[in-house]
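Here's a quick briefing to read with the model open beside you. It goes through strand pairing, a helix contact and a cavity.

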Amino acid sequence: MGRAEVGTPKYLANKMKAKGLQKLRWYCQMCQKQCRDENGFKCHTMSESHQRQLLLFADNSKRYIDDFSGEFAKGYVEILRRQFGTKRVAANKVYQEYISDKNHLHMNATRWLSLTGFVLWLGKTGQCVVDETEKGWYITYIDRDPETIARQEKMAKKQKMDKDDEERLQEFIEKQVERGKKDEETAGSSTGGGEFVRENEEEKIKLKINLAGTSKKEAIFKKPALLTKRPAEDSGSAEKRSKREKEARRISALDDIIKTEESRKERTNRKDYWLKEGIIVKIVSKSLAEGKVYKEKAVVQEVIDKYRAKVKLLETGKKLEVHQDDVETVIPQIGKEILVLNGAYRGSKAVLKSLQEEDYSVTIEISEGPLTGRQVDRVRYEDISKLY
């Protein structure tokens with residue numbers, strides 16, 4: 001029976017069948033031929049062309065397997081790099097994307113017997129970071145492209161320079177504040193020249209003046225008031241008042257600088273992720289572990305990526321992998337140590353000073369770094385959590 005002519009219903013039906021994926025067991029990698037059913041595959045294996053391909057494979061099987069393995073790995077990693085980048089993703093999800101191409105190279109022609117073996121090989125060769133979970137194997141692509149590495153180094157250098165600038169600015173602000181405090185303490189110790197006042201404005205004196213072309217005349221003027229110093233007590237008070245006003249203006253200017261810097265840091269450090277190692281969190285997802293760990297507290301042991309982490313339950317010691325949406329922060333008692341997770345002071349350790357339950361905020365005091373002792377008001381509940 002001959003082939004269907006182009007444009008006939010039979011031809012179109014054959015094209016539609018050939019478009020989708022067929023069963024893997026009816027595919028011949030050496031001949032790159034996909035058969036539709038068992039009978040077709042049996043006829044293919046008995047054909048002369050297939051027998052010739054088998055003879056070629058038998059002559060140098062290792063070379064063929066190595067070539068097939070290299071092609072499979074290259075295609076798989078290319079899908080991972082192009083579609084997922086350096087994000088952590090399920091290995092099977094990448095595999096499904098790879099085999100969605102009808103002309104992909106099948107894994108049964110490679111050295112790996114299963115996807116697990118291939119994933120472990122990716123980890124051993126340093127191409128990916130591999131970890132196993134209850135949901136299967138997860139991989140994270142390691143981008144070793146020179147341009148990417150150079151771009152990351154440039155970004156890290158810029159962040160370091162920005163951080164150094166911030167630290168220098170903070171030190172400058174602290175020095176200015178300390179200097180202002182010292183000036184305020186010593187403002188009353190020094191005194192300056194006092195003001196002069198008139199004692200008696202009514203006393204009169206006589207002056208004799210010679211005017212050209214006229215005779216001597218006696219003119220009577222009011223005597224200028226004698227100038228004397230105010231008492232030292234009044235002078236000192238004025239001096240202190242002037243110093244206090246000047247210091248108040250200086251502190252006000254410093255407060256404006258600090259507020260401006262805090263606003264800038266708030267915009268820079270405000271992120272949509274907040275998980276950090278060493279903090280205590282509360283499970284709020286009823287679907288996690290079938291609801292058996294609902295409202296239990298746990299400590300974050302490892303942050304897997306920006307949004308996921310491995311935690312250990314405080315009561316049972318059971319370990320889980322959670323998303324940040326599955327947990328919430330824990331507010332400790334007043335006086336306990338906390339970690340700032342978001343906002344201007346992200347990453348800073350602090351002490352909880354007070355609670356403002358009406359607007360769900362707290363007041364904290366920074367306990368480490370150049371800003372030690374600084375109090376920050378109206379910090380949101382979700383921006384801090386208790387340290388383990």
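Let's start with one pair of residues: V281 sits opposite A298 in β11. Keep in mind that this is a predicted model. From that pair we can work outwards to the neighbouring strands, then on to a five-stranded sheet, a helix pair and a cavity.

**Around β10**

- The V281 pair belongs with the link between β10 (residues 280-283) and β11 (residues 297-303), which are antiparallel and joined by three bridges.
- β10 also pairs with β14 (residues 327-329), again in the antiparallel sense and over three bridges.
- Look for I283 here: its bridge partner in β14 is V327.

**The five-stranded sheet**

- Five strands make up an open sheet, and reading across you get β18-β17-β16-β15-β19, with antiparallel pairing.
- The edges belong to β18 (375-380) and β19 (384-386); each has a single partner strand, so one side of each is left without a neighbour in the sheet.
- On average, neighbouring strands in this sheet are turned by 45° against each other, ignoring direction.
- At the β19 edge, three bridges tie β19 to β15 (residues 337-340), and the two run antiparallel.
- To find that pairing on screen, pick V340, which stands opposite I384 in β19.
- As a general reminder, strands of a sheet pair through backbone hydrogen bonds, either parallel or antiparallel.

**Where α3 meets α4**

- Helix α3 (residues 48-59) packs against helix α4 (residues 61-84) at an angle of about 100°, and their axes are 5 Å apart.
- Angles of 65 to 115 degrees count as roughly perpendicular, and α3 and α4 are therefore roughly perpendicular to each other.
- On the α3 side the contact uses L56, F57, A58 and D59, while α4 brings S61, Y64 and I65.
- Sorted by class, the residues of this contact are five nonpolar, one polar and one charged.

**The cavity**

- How many cavities of 30 Å³ or more does the structure hold? There's one, and the largest cavity has about 40 Å³ of space in it.
- Its lining consists of Q170, I173, I258, E261, E262, K265, Y345 and L371.
- Two elements, α7 (146-185) and α8 (232-269), give two or more residues to that lining.
- α8 gives the most, with four residues.
- What's the mix of classes in the lining? It comes out as four nonpolar, one polar and three charged residues.

Technical notes: Residues are numbered from 1 along each chain as its sequence is written. This is a predicted model: local features need pLDDT of at least 70, side-chain atom pairs count only at pLDDT 80 or more; totals for chains, interfaces and linings use all residues. Side-chain values use heavy atoms; hydrogens and water are left out. On a 1 Å grid over the protein atoms alone, a cavity is a set of points where a 1.4 Å probe fits but cannot get out, and a pocket is an open set with protein on both sides within 12 Å along at least five of seven lines; lining residues have an atom within 4 Å of a point. Grid points are joined across faces, edges and corners, and a volume is the space filled by probe spheres set on the points. Ala, Val, Leu, Ile, Met, Phe, Trp, Tyr, Cys and Pro count as nonpolar, Asp, Glu, Lys and Arg as charged, and the others, Gly among them, as polar. Two strands pair if DSSP finds at least two bridges between them. Axes are lines fitted to C-alpha atoms, for helices over the stretch in contact, and angles run from 0 to 180 degrees between N-to-C directions. Angles under 35 degrees count as roughly parallel, over 145 as roughly antiparallel, 65 to 115 as roughly perpendicular and the rest as oblique. Contact means heavy atoms within 4.5 Å.
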